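Here are a few exercises to work through with the model open beside you. Try each task before you read the solution.

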Amino acid sequence: MSVTPVIPVLPEDHEFSRMESREAPPTHFVIKIESFSLFEPCGIDKYETEEFAAGEYNWKLVIYPNGDNIVGKDSGYVSVYLAMADKSCLPVEVNANFSIFLYNHISGKYLSSLGRTRRFLGMKSRWGFSKFMSKESLKDPSNGYVVDDNCVFGAEVFVVKKQAVPKCFSLKDIYIPFKRDWKIPNFSKLGNPWESEEFTAGGQKWKIRLYSKGREEAASHISIFLQRLGSERVQKPITCL
């Protein structure tokens with residue numbers, strides 16, 4: 001009997017952050033954390049920064065020095081999230097492109113997560129990385145992220161405003177032209193006028209009226225008319241050679 005392996009479905013935050021390096025500091029927020037190593041002996045599993053403003057909303061960083069409950073406290077990773085500071089002010093949704101930063105004291109540059117756009121809602125008011133960086137890499141002095149037991153985090157948040165005008169396309173709105181062919185035998189012997197059988201198009205009844213020998217005002221031409229039944233008014237006259 002074959003056994004199908006069960007592949008666990010992980011939450012979206014359960015991922016490594018993809019990084020890039022840049023010299024420019026974060027636009028909206030920078031926080032220096034002193035005595036970083038004291039988080040663990042002091043039993044501090046989560047640290048929330050003070051609020052900062054960006055895009056007409058208040059935000060904060062939430063840092064788990066030993067990892068959050070998604071990866072587990074013994075996972076060996078540091079988890080970092082961006083959160084709405086006041087969930088009660090959330091409208092239906094806030095879409096924001098954000099990056100989280102970590103300063104390198106040796107290179108003088110900032111390590112930055114690649115900007116990602118997420119939707120912040122009342123039930124999902126924070127986004128980030130459960131595996132922002134391994135604790136080993138963060139605490140290794142030769143990497144330059146924690147120097148003299150100090151580290152610097154930062155954030156950029158750009159709110160994506162809804163400027164697109166919603167449109168609706170429906171197949172009901174498409175005009176489908178009506179096409180009908182008639183084969184007329186003994187054309188030279190037709191009466192004047194000749195009328196087609198009734199047909200329906202656009203919810204109306206119509207017929208074609210053909211003057212094979214022309215009308216008085218155009219006796220040298222064949223005349224064709226489209227007429228809506230129930231009305232004596234001719235809708236579309238056509239004169240043919």
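A strand here is a DSSP run of E, at least two residues long, and strands are numbered from the N terminus. With that in hand, F199 can be placed in strand β13, residues 199-201. Keep in mind that this is a predicted model.

**Exercise 1. Find out whether F199 is buried or exposed, and list what it touches.**

Step 1. Start with the surface. Buried means under 20% relative accessible area. F199 has a relative accessible area of 9%, so it is buried.

Step 2. Now look for its company, skipping residues up to four places away in sequence. F199 touches F178, R180 and W182, then Q204, K205, W206, K207 and I208, and also L226.

Step 3. Check a distance along the way. F199 and R228 are 29 residues apart along the chain, and their C-alpha atoms are separated by 9.8 Å.

**Exercise 2. Work out which side chains of strand β15 point to which face.**

Step 1. Locate the strand: β15 covers residues 222-228.

Step 2. Sort the side chains. S223, F225 and Q227 point to one face and are buried. I222, I224, L226 and R228 point to the other face and are not buried.

Step 3. Look at the neighbouring strand. β14 (residues 204-211) runs antiparallel to β15, and 6 bridges join the two. One residue to pick out is K207, whose bridge partner in β15 is Q227.

**Exercise 3. Trace the salt bridges around E48, and say which residues make up the network.**

Step 1. Take the first partner. E48 forms a salt bridge with K46, and the closest N and O atoms are 3.3 Å apart.

Step 2. Take the second partner. The side chains of E48 and K60 also meet in a salt bridge, at 2.7 Å from N to O. This pair links distant parts of the chain: E48 sits in strand β3 (residues 47-48) and K60 in strand β5 (residues 57-64), 12 residues apart.

Step 3. Put them together. K46, E48 and K60 are linked in a network of salt bridges.

Step 4. Ask how open each one is. E48 has 34% relative accessibility, so it counts as partly exposed. K46, at 42%, is partly exposed as well. K60 is buried, because its relative accessible area is 15%, and the limit for buried is under 20%.

**Exercise 4. Describe the salt bridge between E93 and R119.**

Step 1. Get the distance: the closest N and O atoms of E93 and R119 are 3.5 Å apart.

Step 2. Place both ends. E93 lies in the loop between β6 (77-84) and β7 (94-103), while R119 is in strand β9 (residues 116-120), so the pair ties together parts that are 26 residues apart in sequence.

Step 3. Check the surface. E93 is partly exposed at 21% relative accessibility, and R119 is partly exposed with a relative accessible area of 43%.

Step 4. Zoom out: the structure holds 7 salt bridges.

**Exercise 5. Explain what K135 does without a salt bridge: which opposite charge is nearest, and what does K135 contact?**

Step 1. Find K135 in helix α1 (residues 135-139).

Step 2. Look for an opposite charge. K135 is buried yet has no salt bridge, and the nearest side chain of opposite charge is E40, 4.0 Å away.

Step 3. List the contacts, leaving aside neighbours within four places in sequence: E40, P65, N66, G76, Y77 and V78.

**Exercise 6. Classify two aromatic pairs, then find the charges over W127.**

Step 1. Pick your two numbers. A pair of aromatic rings is described by the distance of the centres and the angle of the planes.

Step 2. Count the pairs: there are 11 aromatic pairs. F36 and F39 are one of them, 5.4 Å centre to centre with 80 degrees between the planes, which is edge-to-face. Both rings, F36 and F39, are buried.

Step 3. Go on to F132 and F153, which are 6.2 Å centre to centre with 50 degrees between the planes, a tilted pair. F132 is in strand β10 (residues 126-134) and F153 in strand β11 (residues 151-160), 21 residues apart. F132 and F153 are buried too.

Step 4. Look for a cluster: ring pairs link F36, F39 and Y47.

Step 5. Finish at W127. The charged end of R118 sits over its ring, 5.6 Å from the centre. K124 lies over the face of W127 as well, at 4.4 Å from the ring centre.

Methods
Residues numbered from 1 in each chain as written. Predicted model: local features only at pLDDT ≥ 70, side-chain atom pairs only at ≥ 80, totals over all residues. Heavy atoms only, no water. Buried < 20%, exposed > 50% of the residue type's maximum accessible area, 1.4 Å probe, protein only. Helix = DSSP H or I, 4+ residues; strand = E, 2+ residues; numbered from the N terminus. Phe/Tyr/Trp six-rings, centres within 6.5 Å; stacked < 30°, edge-to-face > 60°. Lys NZ or Arg CZ within 6 Å of the ring centre and 35° of its normal. Pairing = 2+ DSSP bridges. Lys, Arg positive; Asp, Glu negative; His and termini not counted. Contact = heavy atoms within 4.5 Å.
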